[in-house]
Amino acid sequence: MLPDKPKCNRNTLGNLAKKVTNVQNSLSKDLYQPEVDYAIEKIQFNILIVGSPRVGKSELINALCNGKCRAETSSSLNSCTKEVRCYVLEDDRQHKSDEQPFKINFYDTPGIESWINQSGKKTMLEFIEEKNPVCLIYCASPGSFADLKQVHPVLEFCKSKDIFCALVCTNMWSGSNRHMVIKEFEKELQFFGEQIDKFADQSHSQTHHKVSFFGKGALCTMVNSKEYHDPDLSDKRMPVQGIDELIHSIMESLDQEKLLAWCYAVLHRRTYWEKINNILLATSMAKEYSIVVCGSAHVGKSTLVNAICGKQVARTSSSLCSHTERMEKYIINRNDIFTNDRDNSVRYTITIYDTPGIESWTEEHVRSYLSNIMQTSKPVCMIYCASPGSFARLDQLQWLVNTCIQSNIFCALVCTNKYSGGHEKRTQVMQDFHSLLTRYHGMTRDENMIKYYGDVALCTAVNSIVYEDRDLCVRKEAEGINELIFGILTSLKDDKIVAWCYTVADNESFWTKMGSKLTEFFKISQPVVEKFFQEHGKEIATALFGLIMTVIKRKM
């Protein structure tokens, strides 16, 4: 006995199930539940088995699957495996409530018959690229041939891709030079890291079975996949050996970080539409949203609504009279356009409340006004509008803002029609806004013409439509709208940010002109952005909207 040496634990399936469950819990911190389910469902441990012909690859698979997979085997000189075949080992144990089932895919590959002109290396790399395994098992039996100079770069490639490597001497009793095979394997694996030998007891022998680990990325060992008996040599029968130790060692080496990285890779490799479908499915429980736009009469509230939505949804007028005489509701319906299954499509409703102008700023009127809004819908965002030259009682405006902030409603105070009324009045509106909001939160940043006050409010000045005064020979293009949309988007949280994105989904100007800021804010790598734009060509706005929706989870 070797009590000072660590032993291999054979409780493989239970330990692996716990790892899968831990990975699921880690994913749940960052992703929507449908995406977690998608990744967990895709946890199929792809194990690729390669090597020369007739070294026992198929027999190894049968042994690893405990007879549940019946890969074809033969004692003929001809290779039995002519094409890549997949054999699945299901986790059919009775599961605890907190454990996740999984399955292991063993890919049995044709033997490498030619090592000329680097064909052995090329063949193995092609298999790896195609199957994307979590583990590569390379088999060689005593007496078989392999060009280890071609195997080594394959091992290096696996190490660079974080693919675990197991070099296995199969048919261990078929030749006396099995220890030489192991020595050559050990030499090839030194670059993975320090060698640590672990031993397991054998019921049929006093000799311990050895598995040698190299760093965290590789191991080598020898196995006997089926009972070995050569009556010409001896009456002794050698039982199956090393199989439990091999699969347990591989699965133990697949730590949670590797499995987690593999899950993220699976999520990343989904098609664009698969990603969108999962995101939309995740938000299906929150189907109704509302946004309120309010302020004094004739300050351009309806015009601002149109500018934010990127299309005509509200009626506007240049008359001295207020065009909005009662609370108007502009309803934007969003069907799940990313699925062809109309019967099961998710329907989203965003209601924009365009309120009549506050014509009386008495305390009774203002509070009655807000109560009407709150009773109709608790909005995710309140946009208050004032233009240079308009009137408002600042004490009542303060009560309005205070009530919204206490109700967890984000406030955007907007100086509309910024070029009307002159510089002095425009500046005063912004100063009034600033003074009011600093009572609730200090200004945290001032950028792109927007002042931010923590995650409770912002203020800015915009020009919703082209401003032109021919008598003064002045023309100013619409400005500040895209920045306002972006400012609100980056200030909202949880499902509110989803509501806001749907509100501005048709605003092509926003999605195209603010693309770089959006991708920077959501920490989307440039290669991903470029790939999306290449794939979707002129549909940049639609593509970027979809891309942003897939990563909103990082802000939730």
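Q: What makes helix H10 (residues 301-309) count as mostly covered in this predicted model?
A: Nine of the nine residues of H10 are buried. They are Lys 301, Ser 302, Thr 303, Leu 304, Val 305, Asn 306, Ala 307, Ile 308 and Cys 309. Just after H10, Gly 310 takes a positive phi of about 75°.

Q: Why is Thr 221 called buried?
A: The relative accessibility of Thr 221 is 2%, and buried means under 20%; therefore Thr 221 counts as buried. Thr 221 lies in strand E8 (residues 218-222). Neighbours within four places in sequence left aside, Thr 221 is in contact with residues including Leu 167, Ile 182, His 209 and Leu 246.

Q: Why is Lys 149 called exposed?
A: Its relative accessible area is 73%, and exposed means over 50%, so Lys 149 is exposed. Lys 149 belongs to helix H5 (residues 148-160). From C-alpha to C-alpha, Lys 149 and Gln 118 are 9.2 Å apart in space, with a separation of 31 residues in sequence.

Q: How do you know that both faces of E4 are covered?
A: On one side Cys 135, Ile 137 and Cys 139 are buried, and on the other side Leu 136, Tyr 138 and Ala 140 are buried. In a regular strand, side chains alternate between the two faces of the sheet.

Q: How do you know that E4 and strand E5 (residues 164-169) pair?
A: Pairing requires at least two bridges, and E4 and E5 have six, in the parallel sense; the strands therefore meet the criterion. Within E5, Cys 165 is the bridge partner of Leu 136. E4, H5 and E5 together make a right-handed β-α-β unit.

How values were computed. Residues numbered from 1 in each chain as written. Predicted model: local features only at pLDDT ≥ 70, side-chain atom pairs only at ≥ 80, totals over all residues. Heavy atoms only, no water. Helix = DSSP H or I, 4+ residues; strand = E, 2+ residues; numbered from the N terminus. Buried < 20%, exposed > 50% of the residue type's maximum accessible area, 1.4 Å probe, protein only. Contact = heavy atoms within 4.5 Å. Right-handed = clockwise from strand over helix to strand, strands pointing away.
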